[in-house]
Amino acid sequence: MTTISEPDVLAIAMQLMATESTTGNEGRVIDVAEQILTGLGWNVRRIPVTPGRDNLLAYGDSPVQLVFSTHLDTVPPHIPPRIDGDRLLGRGACDAKGIAAAMICAATLLKAGGMAVGVLLVVGEEAPHDGARAANAVKNSCRVLINGEPTESKLATGTKGALRCSITTRGKAAHSAYPHLGVSATAKLVALLGEIDGLTLPTHAILGATTINIGRLSGGVADNVIAPAATARLMVRLVTSSAETIALLTAWLGDRAEFEVETEVQPVLLGSVHGFETDVVAYATDVPELSNWGTPYLFGPGSIHVAHTDHEFIDLAELRAAVPAYQRLATAALATAAPCG
């Protein structure tokens with residue numbers, strides 16, 4: 001059996017975090033990740049997504065039976081990495097470059113021990129999951145997918161889905177001094193949005209309740225003009241199929257507004273193994289778009305509650321502990337996985 005020294009998870013995390021990679025601009029971090037992986041003895045395949053944007057699939061000498069996967073894109077703005085006491089701070093510390101580093105280290109050790117393991121690093125997870133869809137088209141023999149998101153080092157047994165959509169109301173422009181000559185689209189929109197909290201939406205015994213966030217509002221042309229149009233962008237956290245919630249929202253709106261769906265990510269129930277604390281997470285992941293990569297599991301160090309913030313961090317102890325935790329999870333998951341075919 002080949003023995004190697006354990007790769008430095010902190011050094012890899014900081015190297016990835018030092019490279020700006022907001023969604024759509026992941027080209028440079030993919031180059032960095034490829035250099036890290038080849039330096040650790042991996043074969044690396046690029047999976048094209050869009051011009052200048054690729055996924056990476058790292059593999060050994062045997063067909064991959066288990067793959068660790070997470071994303072290298074981040075939300076803006078880029079925040080360089082720094083260590084403050086017992087924490088690593090910066091963009092991607094927990095979402096998800098620290099996770100990527102832990103996965104790379106765990107997979108490298110497992111490969112050295114003879115496991116047919118791989119690492120799949122994707123772009124475009126924050127939106128619109130185009131990296132995962134491109135990866136899902138790749139033929140593979142994988143039986144287990146371990147996806148990485150900040151789950152506070154708990155094994156997630158389910159994730160909510162996500163529906164990005166918009167509501168647009170139409171009115172009639174007029175001088176605001178004579179409101180009776182116009183129809184205010186903004187007033188219509190505000191009235192509709194005030195009804196959202198009273199809607200009866202799907203619930204699920206494990207995933208909980210459907211929730212709706214009113215993300216962005218736009219409309220009108222000037223303070224002294226009755227608004228001819230107004231739009232609200234919504235993020236719906238799904239617990240049942242997107243089709244069910246879309247039907248409910250369409251029926252609620254009727255002919256009072258235009259309803260447009262942008263993206264749909266379905267909710268997922270996930271695998272579990274003994275020996276891990278479990279939880280359910282309310283955010284969506286790439287897992288539904290990676291359905292061809294085997295039985296899915298979701299686990300990662302760090303907390304979603306600090307992801308996307310200007311103080312994003314991960315505890316150094318939790319980051320380091322994730323390496324053996326991923327090894328234990330992979331060994332247990334692969335032992336119980338269904339055979340290929």
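Let's start with a small piece of this predicted model: strand E4 and strand E5 (residues 87-89) run antiparallel and are joined by three bridges. Within this pairing, Asp84 stands opposite Arg87 in E5. If you have the structure open, that residue pair is a handy place to begin.

Now widen the view to the sheet around that pair. E4 and E5 belong to an open sheet of three strands, arranged in the order E4-E5-E18 with antiparallel pairing. Its edge strands are strand E4 (82-84) and strand E18 (313-315), each of which pairs on one side only. Direction ignored, neighbouring strands in this sheet are turned by 25° against each other on average. As general background, the strands of a sheet pair through backbone hydrogen bonds, in either a parallel or an antiparallel way.

Two helices pack on this sheet. Helix H1 touches E4 and E5, and its direction makes about 15° with that of E5. Helix H7 touches E4, E5 and E18, and its direction makes about 70° with that of E18.

How do these two helices sit relative to each other? The axes of H1 (residues 9-17) and H7 (residues 316-336) come within 10 Å and cross at roughly 110°. H1 and H7 are therefore roughly perpendicular to each other, since angles of 65 to 115 degrees are counted that way. On the H1 side, the contact is made by Val9, Leu10 and Ala13, while H7 contributes Leu316, Leu319, Arg320 and Val323. By residue class, this contact of H1 with H7 holds six nonpolar residues, no polar ones and one charged residue.

Let's move on to another sheet, this one with four strands. It is also open, its order is E12-E13-E9-E14, and the pairing is antiparallel. Here the edge strands are strand E12 (211-219) and E14, each pairing on one side only. Neighbouring strands of this sheet are turned by 15° against each other on average, again with direction ignored.

Inside this sheet, E13 is a good strand to follow. E9 and E13 run antiparallel and are joined by 10 bridges. Leu163 stands opposite Val236 in E13, and Cys165 stands opposite Leu234 in E13. E12 and E13 run antiparallel too, with eight bridges joining them. Val236 in E13 turns up again here, as the bridge partner of Ile212. When you look at side chains along these strands, keep a general pattern in mind: in a regular strand they alternate between the two faces of the sheet.

This sheet has a helix packed on it as well. Helix H6 (residues 242-253) touches E9, E12, E13 and E14, and its direction makes about 165° with that of E14.

Some of these strands also lead us to the largest pocket. Strand E9 (161-170), strand E13 (229-238) and strand E14 (258-265) each supply at least two residues of its lining. In total, 21 residues line the largest pocket, and those nearest its centre are Glu126, Arg237, Tyr283, Ala284 and His308. The space in this pocket comes to about 460 Å³. What is the chemical make-up of the lining of the largest pocket? Its residues divide into 11 nonpolar, four polar and six charged.

Conventions:
Residues are numbered from 1 along each chain as its sequence is written. This is a predicted model: local features need pLDDT of at least 70, side-chain atom pairs count only at pLDDT 80 or more; totals for chains, interfaces and linings use all residues. Side-chain values use heavy atoms; hydrogens and water are left out. Axes are lines fitted to C-alpha atoms, for helices over the stretch in contact, and angles run from 0 to 180 degrees between N-to-C directions. Angles under 35 degrees count as roughly parallel, over 145 as roughly antiparallel, 65 to 115 as roughly perpendicular and the rest as oblique. Contact means heavy atoms within 4.5 Å. Ala, Val, Leu, Ile, Met, Phe, Trp, Tyr, Cys and Pro count as nonpolar, Asp, Glu, Lys and Arg as charged, and the others, Gly among them, as polar. On a 1 Å grid over the protein atoms alone, a cavity is a set of points where a 1.4 Å probe fits but cannot get out, and a pocket is an open set with protein on both sides within 12 Å along at least five of seven lines; lining residues have an atom within 4 Å of a point. Grid points are joined across faces, edges and corners, and a volume is the space filled by probe spheres set on the points. Two strands pair if DSSP finds at least two bridges between them.
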